[in-house]
Amino acid sequence: MTGTTKILVKDAHAFIPSIKKGKASEKLSDDDDLPLGCRIMGAAKLHKEGKKGKGVRVAVIDSGVDAEHPAFDGMVKYQAWFRWGTPLEEDDHGTHVAGTIHNMAPEAEIYDYRVFGGEGAFEIDDAIVTSIFEACYDGCDIINMSLGGRWPSANILTAVQYAHSQGVIVVCAAGNSGDDDPLTNERGFPAMWEEAISVAASSKKGKTPVAFFSNTNPHIDYAGIGVDVVSMKPGGSFQEMSGTSMACPHVAGLIAAVLHDAIKGRGFGSAHKPNDTKVRAFLNKKCAIDIGVEGPDNASGIGFLSYLDKGEFDALMEKVEEAAT
């Protein structure tokens, strides 16, 4: 039939989006010992104000975490692995993701749910579903999913909706299938569901422009640093990775840090545990910085998230630009 496009779907499972890896070449700041991406997202200011995520539990549903990495300071408190069989030195994605959350909110507890690996008692999608429910039952306040796929899964949607109904904040990577054209839409789930916070990737230069590989669509909520992100590598070292997978934990960590107050009964206008609606309202009012075209857009959503105010953000980015020249 002439003019017909035919797609053969060979694998509909969720997966870790393709990422770029490299050696950790970035020098850490002498004053706060934080990667630049975390500083741009406001981690140093959060920590100075005592907002470090104490009492907050963050689920990392990913490829497993090296809990013995000394930089975690013992904050990986729980591990449930539904898949295994691949060394963490090879499946290093989850450790990097969890490391960024820890850098943003160093007193938050990391709950590690492994859903990727060469062997396991569950298929990948079933492992993700089980992990989401387990994270809710285990008392997690935030779920980070730096994973996704082109095709939606009804079972994963049901699990995400359950987490949402329980007040658990679900943060997801938007996906790395972007074509550098904000007028085209690239789909990725679970990020596109309304119960999830969809995070695009921005770079660490200029006005934090959205990365060329970052998915664009009307469901993007925010952007976070996702290019040349320095974080932990299994075995005790560090490395750089790029992807919306790296932007996602910056946002999850930021939320964990500010939830420190909410868990203690302060902030968010209520002493009760905040839900998705209250967290989004806080982020929109206090943390969203408009980048790219004016107003909400398909590339960065409401805007780039940082705990820095606009003046502090502009001053830091000016220093970053000066250092790069």
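**Annotated active-site residues and the C-terminal part of the chain**

At 3% relative accessibility, His93 counts as buried in this predicted model, because burial is taken as a relative accessible area under 20%. His93 belongs to helix H3, which comprises residues 93–104, and the side chain of His93 makes a polar contact with the side chain of Asp62 at 2.7 Å. Both residues, together with Ser245, are covered by the annotation "active site" in an unreviewed UniProt entry. Although these annotated residues span 184 residues in sequence, no two of their C-alpha atoms are more than 10.0 Å apart, so they gather at one spot. Ser245 is found in helix H6, which runs over residues 244–263, and with 0% relative accessibility Ser245 likewise counts as buried, since the value falls under the 20% cut-off.

The protein chain as a whole has a secondary structure of eight helices and 14 strands. Of its 325 residues, 56% are buried, and the accessible surface of the chain comes to about 14000 Å², of which carbon and sulfur atoms account for 52%. When contacts between residues at least 6 apart in sequence are considered, 79% of them join residues at least 24 apart.

Helix H8, which is formed by residues 310–324, offers a further view of how burial is arranged along a single element. This helix has 15 residues and reaches 21 Å from its first C-alpha to its last, close to the 21 Å expected at 1.5 Å a residue. The buried residues of H8 are Phe313, Leu316, Met317 and Val320. They cover an arc of only 100 degrees around the axis, which means that these four side chains are placed on the same side of H8. On the other side of the helix, Gly311 and Lys319 are exposed. The cover over the buried residues of H8 includes helix H1 (36–40), together with strand E13 (288–289) and strand E14 (303–305). At the N-terminal end, H8 is capped by Asp309, a side-chain oxygen of which lies 3.1 Å from the backbone nitrogen of Gly311; Gly311 is thus named both in this capping arrangement and among the exposed residues of the helix.

Terms used:
Residues are numbered from 1 along each chain as its sequence is written. This is a predicted model: local features need pLDDT of at least 70, side-chain atom pairs count only at pLDDT 80 or more; totals for chains, interfaces and linings use all residues. Side-chain values use heavy atoms; hydrogens and water are left out. UniProt positions are given in the numbering used here, feature names are shortened, and annotations may be inferred rather than shown by experiment. Helices (H or I, at least four residues) and strands (E, at least two) are DSSP runs, numbered from the N terminus. Buried means under 20% relative accessible area, exposed over 50%, partly exposed in between (1.4 Å probe, protein chains only). A polar contact is a pair of N or O atoms within 3.5 Å; within protein, one must be able to donate a hydrogen and the other to accept it, and residues adjacent in sequence count only if both atoms are side-chain atoms. Contact means heavy atoms within 4.5 Å. Accessible areas come from the Shrake-Rupley method with a 1.4 Å probe; for residues, only the protein chains shown count as cover. The expected span of a helix is 1.5 Å times one less than its number of residues. The arc is that of the directions from the helix axis to the C-beta atoms.
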